[in-house]
Every structure is written in structure tokens, then in C-alpha cells.
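The following exercises concern a protein structure and are to be solved with the sequence and the coordinates at hand. Each task is followed by a worked solution.

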Amino acid sequence: MHLRQKLILMQLTIIIQPQLPAASQQQRRQPAPVQQQQGRQGHYEGEAQASSREKGRGPGPRRGHGRGQGPQYNPASSSQPPPIQPMPPPPVHISPAEETGPPSPQFGEVPVSSKALRFPLRPGKGRLGQKCMVKANHFFADLPDKDLHQYDVAITPEVTSRGVNRAVMEQLVKLYRETALAHRLPVYDGRKSLYTAGPLPFPSKEFQISLLEEDDGSNTQRKEQNFKVVIKFAARADLHHLGQFLAGRQADAPQEALQVLDIVLRELPTHRYSPVGRSFYSPNLGTRQSLGDGLESWRGFYQSIRPTQMGLSLNIDMSSTAFIEPKTVMEFIRDLLNKDISRGLTDADRIKIKKTLHGVKVEVTHRGSMRRKYRVSGLTKLATNELVFPVDERGTMKSVTEYFKETYGYVIRHPFLPCLQVGNQQRPNYLPMEVCKIVEGQRYSKRLNEKQITALLKVTCQRPYEREKDILQTVNHNAYHQDPYAQEFGIRISAHLAQVEARILPAPRLKYHDTGREKECLPQVGQWNMMNKKMVNGGVVSHWACLNFSRSVQENVAAAFCSELARMCHTSGMDFHLEPIVPVRSVRPEHSERALTHLCEEIKKRTKDKGLDLLVAILPDSNGSLYGDLKKQCETVLGVVSQCCLTKHVYKMSKQYLANVALKINVKVGGRNTVLVDALSRRIPLVSDIPTIIFGADVTHPHPGEDSSPSIAAVVASQDWPEVTKYAGLVCAQTHRQELIQDLYKTWVDPQRGHCTGGMIKELLISFRRATHQKPQRIIFYRDGVSEGQFYQVLLYELDAIRKACASLEPDYQPPVTFVVVQKRHHTRLFASNHNDNRTVDRSGNILPGTVVDSKICHPTEFDFYLCSHAGIQGTSRPAHYHVLWDENNFSADSLQSLTNNLCYTYARCTRSVSIVPPAYYAHLAAFRARFYMESESSDSGSLTSGMGPAGRSMGTTSSSTRTNRVSAGRSVRPLPPLKENVKKVMFYC
């Protein structure tokens, strides 16, 4: 059955059990016992199952483990897929197809959200921890009692610019508000919809509107452009249902009503400022700061209306973004290239200029007060003094330099530079760069370089007290009580930050090795150190070597650094040989590939094919592609784990830095740094009682402007129980900007074995079984990077994939699943009630680590919470937002919040609690690492896993011709090169 048909079937056959109030749900707290599957070890332990009977089949009927939330297969449905029948174990052998892995399945459309699907209700509020009050940047908004109407708007001739559409409707309201619009003050979304507080006196009406062209300073008569506008009644926005939803008496949020209120509150700022997404920017909202290379930062604010437990809430936060500096094109190019351009441009310079200026609006300066505007479409290949063009119908040719001299009396001063090409490709116009100036107010949407990112972060980094003050000033400046649109629609906004009840969860105790002076540790304010402690499981490094790629680091300095690093690893508890197997070698960066290959071959001969346990690489501080090239070669070609160290750290050689590097090295060679005391003593609710696997998943997308690069998906899963500290990871490339993880589960047909199954979930379940000798009987899945608008799609698709992966291992194997979305890209900030109270703030002025909020500013009915699990360093801490989309394990608020908070203390790379749960963090790191594996040219692609395949074999391949997947866009995705066997078993991405 096609994927889309399956998912639609799943939606149609959803069983929704009656929602119980929180108090009643307490009787259902304990999960149903998980049935032990006996006699099926042959399937689970090893190879992909092969049976033509499995084709198109779902995971079979579900046992109700949880609160009855979400899609369940209905046994009574006549269209229900039959349950999977037990089969004899397949013969244990490896086919050639399984060695290289399967082709990915065709990726079908996923249905949009179903109103029959419900996310879990909040299982009561948490009680664990020390109670306190915090402030949130949410402002209470009264629900208006107006009768809201929606009207369709059709503007002819149709234009794509929202600015032109708004100008047309602004003129219409100006002309007809007192007459045809019956004194109504409508709001407009810039596209197809108009909203009013009450009905207009007509069901449909046509208007004729004339707009004058923009004044270009030429003192000539401006042309008029005529538009026909048809306004037609569409619907009434239902505020009653919104009120019911906010009161918890209705499950679905009426998105239309929320959208209307959002548009109303955006109307006035849209006229005043430059809108970018949900934010507004202006040079007058704060000091402009140069970001370098022709860019500057503008201050602004984010604004969004949200449904919460306290009712409607307006979320306001400070924001900054990059704009192009309004300067002459010549000045801009000098800043961009950081050099004198009087000597001409190289081909690389031309490419950079063309890429940066494409789509930018410029105005001419050579015609006095006449400032006509154009949009840059390209850069000429020829210099200005070589460019000729026809000036009449007879084809008379004239050079650009002659034309400007004869027509405008302007002598080109830089004839050797190319011209800007403006207009379309069929009839291009040429403008010398020296007569053009960049128009103010253009946001720079392309990728920033590292220097610009650092400068922008410096601008946006504010202490909590300063940020809170700026937010309150913004609300005061916006004066919502005087906003004519808010008044028209009856919306009132509080001027005070929301006061919210919070709790500070206790830090967990951490276990270290018994040979250390300190066997256990209780972190203080989210941090601790390795003094007097030894790693709980130290890794073994017998053969290691160092390559020095930095010209500024002498060999004796590199050798001294390596000696100190080795001593630190040994002192921290690793079985680390203090001397490298060969002396430190200095290598030119351009010879890195050859030097690495030669080193590994030499070490293999010396160690009788055992090879290197670790490569230490010293890199220049600015190393271009060297880091990525090294990681790709080590992890996908040579099978070596590596640790890169920058020159600046080699010279400083601080103990703290060496200790942190030792932590990373230990997990890369298979060790553990620390584990939770409660994990070892089996005291973690809904983790310690039965074998539990914790997944983390993330998808990273290409930077803006990279239109052809694939997205990278990564999934990690815990490989130890009850410790839940080690995580194996898989990565795959998939369709450009596709958020759903396509390779969680997949099927393919093998010529010898018939229908086979595989995918990332199955591989990680098998590897868990191999590592622990037990199969997971509970799944906790933390999913990062999903926006609210994608919740239903991601849950329907990925939960279905998890179920199918489990069923492919054993018939009726369906461990209960809890699916939690982790969000960091939100704008909720929490502030201490009293910034001077040392009991409630850390040294940076932020709220204390462990602060959790699950009331007032959270969802009216669903199971979500904000958790600030880390101590602030600089700026204002951003709490992570966790939203439970599925819960068959019946987590209470306390058990899930404390599990999540405690896991944040097990992050391997530092002795600090981190801001998001480690499995999600590791998935992000793995996806980021995998981008280095891609070929420099992005192209055709299918989605393939690089990592652990069935029976621990690689699912990647070097041959893309047999393994590409034709995706919906008609493009194929090139697979990633496979990870080497010894690399994929450890936390190589740390």
C-alpha cells in the first residue's frame, strides 16, 4: 500500500478514548505490563527479515499502553491491515544487497493534520522542586467580544509584492472608509484576506483604485497605475470556540481566529517598521552597529499572539538582524572584498559581488535629484569601457562610457570595472557601479560569515535585567492602548510581564570511578569539575599519533602539548599510553590527505593491523575546509577517531581546556565520563524498571541561498541500560529542506531474498540489543527542530516508522513510545522576580538551572513545559520547550521533567548541565558533522544512511548509481559515504 494511503487509513481508523481530567488520570499512571516476547530472538538479533508477505503492511494492531492519545489501528475496521503472522527465523547469511544496503523507498506525501488526532492532555502539574516566582515576556491580552468577519480580496492586475498590495488597500481605506466601508477600519494580510470588526454593508463590491508611481525626484508628471479591487464576504471568525479552547473545553485551537488577532496587532507595526517574518525592525529602534563587509545590524522586536493557560498572551522579545548598509556600491564592494578595487577584480571577486548583490535594490546618483530605483540581476562579464549596446531600431551600437558622456555629461571614472546588470535577462540595462547607491532598509538574508555572526551575537547579547527593561520599553513604545486597529477590534494588552509560578528541580548526583578521591559529585548551580575524580569508565588508547598542520606551532611546542594532553587523559582515568607511537609530524594543510593515509599505513604495519586508536591534529585557527576534510577522511575512509585542537589552545595549554578535551577523547574511544547515581541504583521512574532506549533525532537544513544542498537527518540512540549514557548515531542525506526523517524505516526488494526491511530505527534497536543483550521494552524519543505547524505531520509519519521498524524485528513487538518535541527556537524568556536575590539567580543574573514552568504561559490543555536546565554564561538564558505529542508510557509531569533535567547533566563534552536534553544535542552534532561528508557539489540525491546497517554493517555505499531515490521533486539525493565500522560504534561526533 502506498505510504499516503496508509497514513490516511491510520487517520480514518483513529480511536479516541474519552479525555479524563488530570485527577482521574492519576489512576492510570502506571504503564500496562509489557508482554515479554519469547522465542523470537532469531529475528531480533540479526538480519533483516525477508518475506513478500510483509510488503505494504503496517505494524499490526496496537495494545493500548497509554492514555489513548493519537492514531491507533482499529481491529473492527474492515480496511484494517491483517496482523503480522509469526514466521520461522530466516537463515543467517549476508546477501550482497544487504552489505551495501537497500535503495530508499519512494517518499510519498504525508497528509495534513487530522482533527481526530489529539496530543496527550497534561497529566496534572509537577510538584517536585523548590517553588519560586519568575516573570515571563508574555503580556495578557483580553479576548475581544467583537463580531469578526473575513473577506476575500482580489486585486487586478495581480502583483506579487505585498508592499504594492498594501499600498492599494491603504488607498482604498483612505477613500472609502467613511462611505462604502461604513466607518470600519479593516486589517489586511497583504495577500488575499481582509478582516473587519463587524460586517461591511455589502456581500461583494468592486472598487477602482489609482496609485501614483513613486516620486523619483525628476519633477516630471508621475504615472498612474489603475487597479480593480473586489472585496467579497468569505466567513466569520469564531471567537466563541477560541474562548472554549482557552478554557480547556475544546481540544483544537481555532487557528483562523488566532490568525485574525495576530494580523490586527501586526497592522500598525507593519506601517511603521520593516517587517521580517514575525519581527519588526527599524534604524530608530536602537543604535545601528556595523557587522563588517557592508552589513549592519538593526534592532527590532518579535511579536506573536499565543493561546496559553492564562488566556490569550502577546509574546514580545527583542531581536536584531542584518541589513545591507545604505552606501554607494563602490564603498560596499571595498568593504565586501576588503581591498582596493582600483586595480581591477579577479574572477573570484566577481563571483562574490554577483552573489552578494543579486536581488539588491539600488538607486542611481548621476541624475541629480532624480533617484530612480532598480533591482540588480547580475554583473557584466565585460568591463564598462568594453560594453556596447544598440541605441536605436537600426542596431546602431554605442559604448556605455560614450552613452553616459553624451546623455548625462558624466565621465566614467572606473571604466575597467564591470557594470551592474538590472532588469530582466531579455532586455538588460547596464549601470556603472560608481553611479549606484544601495537603497536603505534591505534585509540581508544570505549566510553571514563568522566575523559577522560574532558581531551580531555581541549586539544581541543582553543581561536579563537589560533585556527585560528593553522589552517593557518596547511594549510602552508600541502603546497598544492607543493602537487604532487594536481599539477597532477591542483588543487590550497588559503593560506588565506575566508573573508565573516555577519550581527549581534538584541537580542529580553523578557517579565517578571508585579509584578517585571523589566517587560521587553533586553539581552546584549547574556545574562541577574533574578535580579528584576519575572517569567512571576510562577508554583505552594504546596507539596514538599527532599531526601538526599549523605553521606557527613548532614541533617541540606540539610535542609538549601532546605530552600534557596524554597526562591529563591518564590522570582523568583513561588507560592512555603517555608517548605517541611515532613522533609529532608537521604537515602542510594541502598535503593532509596523503599524510594521513601514509601515517595510518605505517601504524598498521607497526601494530600488526591494529591501527591507530586516536589521531590528534593541531590546526591553524583559521583552517578553511581542513577540519571537515580531516573528519571526512578519518571517519569514512581510514576508520580513525580524531581530536582536533586549534593553535591558540595549544599555546595556552590551560588545564581546563585539556580536561575538556580529555572528556571528548574518552567517549570517542568508547569510554563513559559519568553516569547518574539514580541510573545505577535503578531509581529513575519509567527508565530503570525495564530495558529502555532513548532516541534523539534532528534534521539540519542548508543555509539560506543554498537551494540545491540536501538536508541532513541524524538519529542517535542510547546503547547502555540502565546507564543511558552512550549513544550510537546514524546520519543520512535527504531531500532539500525536508523535515520528516525519510530513512527511519524503509523497505526494498532483494533479488534473492524478496521483501526486506531496514532503516535507522531498526539498526539502532539491533545495536542496542547487541550492546546490552536485551531488547528495548520502552522507547523515549526526543525530536529536535520541529515547529508547531509540523507537529501533526512529524508525529504521524515518524511514529508510524517507529512502529513498522519494531514490527519488522518481531511480530507483535511494539514497545510503548513516548514522543517529545524539543524546541529552542522560540521567544519565551524567563526572568527572576527579583534580579538582586542571589537565591534565585546565578552569577550571570539568569534564573537557576533546573527552573521549570508548566503553568500559565504553557498550552491550555496539552502536556508541555519550559525547562531552563543550564546555568547562564552571558546574555539571557533561553529555556528549552518540551511538548509531548505521544505518551504510551504514562509519564507524570514530575517524572518526565526530572528525567529530562537529569539527563542534561550527562552531556559528555563538558562538566556543565546543558540547555537541551543530550540525545537531541548529540543528534544535532551528528547531523552537523555529516555535512562535512558531502561532496562539494550538491546534486542529485536519495536518502541513504551512513552508519550502522543490519547486523552492524554499513548502510552507506560509494556507488550512488544503484542507490539513488527519486523523490517527489523529481530530484535524487546523493548518499553520504558510509562510516567505518569501528567509528560508528562510538560517539565520534563529540
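**Exercise 1. Describe the open sheet of five strands and the helix that lies across its strands.**

Solution.
Step 1. The model is a predicted one. Its open sheet of five strands follows the order 4-5-3-7-6, and the pairing is antiparallel.
Step 2. Strand 4 (187-188) and strand 6 (204-212) form the edges, as each of them pairs on one side only.
Step 3. At one edge, strand 4 pairs with strand 5 (residues 193-197) over two bridges, in the antiparallel sense. Within this region, Val-187 is placed opposite Tyr-195 of strand 5.
Step 4. Strands of a sheet are held in pairs through backbone hydrogen bonds, in either a parallel or an antiparallel arrangement.
Step 5. Helix 5 (residues 162-176) lies across strand 3 (148-156), strand 4, strand 5, strand 6 and strand 7 (224-236). Relative to strand 6, helix 5 runs at about 110 degrees.

**Exercise 2. Determine why helix 16 (residues 626-638) is described as largely enclosed by the rest of the structure, and state what covers its buried residues.**

Solution.
Step 1. A residue counts as buried when its relative accessible area is under 20%.
Step 2. In helix 16, 10 of the 13 residues are buried, and the helix is therefore largely enclosed by the rest of the structure.
Step 3. The buried set includes Leu-626, Leu-630 and Leu-638, but also Lys-631, Lys-632 and Glu-635.
Step 4. Among the elements covering these buried residues are helix 15 (592-606), helix 18 (655-668), helix 23 (918-930) and helix 24 (981-984). Strand 27 (614-619) and strand 28 (642-646) also contribute to the cover.
Step 5. Just after helix 16 comes Gly-639, whose phi is positive at about 70 degrees.

**Exercise 3. Establish how many disulfides the structure holds, and examine the cysteine sulfurs of Cys-546 and Cys-644.**

Solution.
Step 1. A disulfide is a covalent bond that links the sulfur atoms of two cysteines. The cut-off applied is a sulfur pair within 2.5 Å.
Step 2. For Cys-546, the closest cysteine sulfur belongs to Cys-562, at 3.4 Å, which is too far for a bond. Cys-546 is buried, with a relative accessibility of 1%.
Step 3. For Cys-644, the closest cysteine sulfur is that of Cys-634, at 7.3 Å, again too far for a bond. Cys-644 has a relative accessible area of 14%, so this residue is buried. Its closest cysteine partner, Cys-634, is one of the buried residues of helix 16.
Step 4. The structure holds zero disulfides.

**Exercise 4. Locate the cis peptide bonds at Pro-157 and Pro-722, and the positive phi values at Leu-686 and Val-724.**

Solution.
Step 1. The usual case serves as the reference: most residues other than glycine have a negative phi, and most peptide bonds are trans.
Step 2. Thr-156 and Pro-157 are joined by a cis peptide bond with omega about 0 degrees. Pro-157 belongs to the loop between strand 3 and helix 5.
Step 3. Trp-721 and Pro-722 are likewise joined by a cis peptide bond, with omega about 15 degrees. Pro-722 is in the loop between strand 31 (711-718) and strand 32 (727-734).
Step 4. The loop between strand 31 and strand 32 also contains Val-724. Val-724 is not a glycine, yet its phi is positive, about 40 degrees. With a relative accessible area of 1%, Val-724 is buried.
Step 5. Leu-686 has a positive phi near 60 degrees and lies in the loop between helix 19 (677-680) and strand 30 (692-700). Its relative accessibility of 11% places Leu-686 among the buried residues.

Notes:
Residues are numbered from 1 along each chain as its sequence is written. This is a predicted model: local features need pLDDT of at least 70, side-chain atom pairs count only at pLDDT 80 or more; totals for chains, interfaces and linings use all residues. Side-chain values use heavy atoms; hydrogens and water are left out. Buried means under 20% relative accessible area, exposed over 50%, partly exposed in between (1.4 Å probe, protein chains only). Helices (H or I, at least four residues) and strands (E, at least two) are DSSP runs, numbered from the N terminus. Contact means heavy atoms within 4.5 Å. Two strands pair if DSSP finds at least two bridges between them. Axes are lines fitted to C-alpha atoms, for helices over the stretch in contact, and angles run from 0 to 180 degrees between N-to-C directions.
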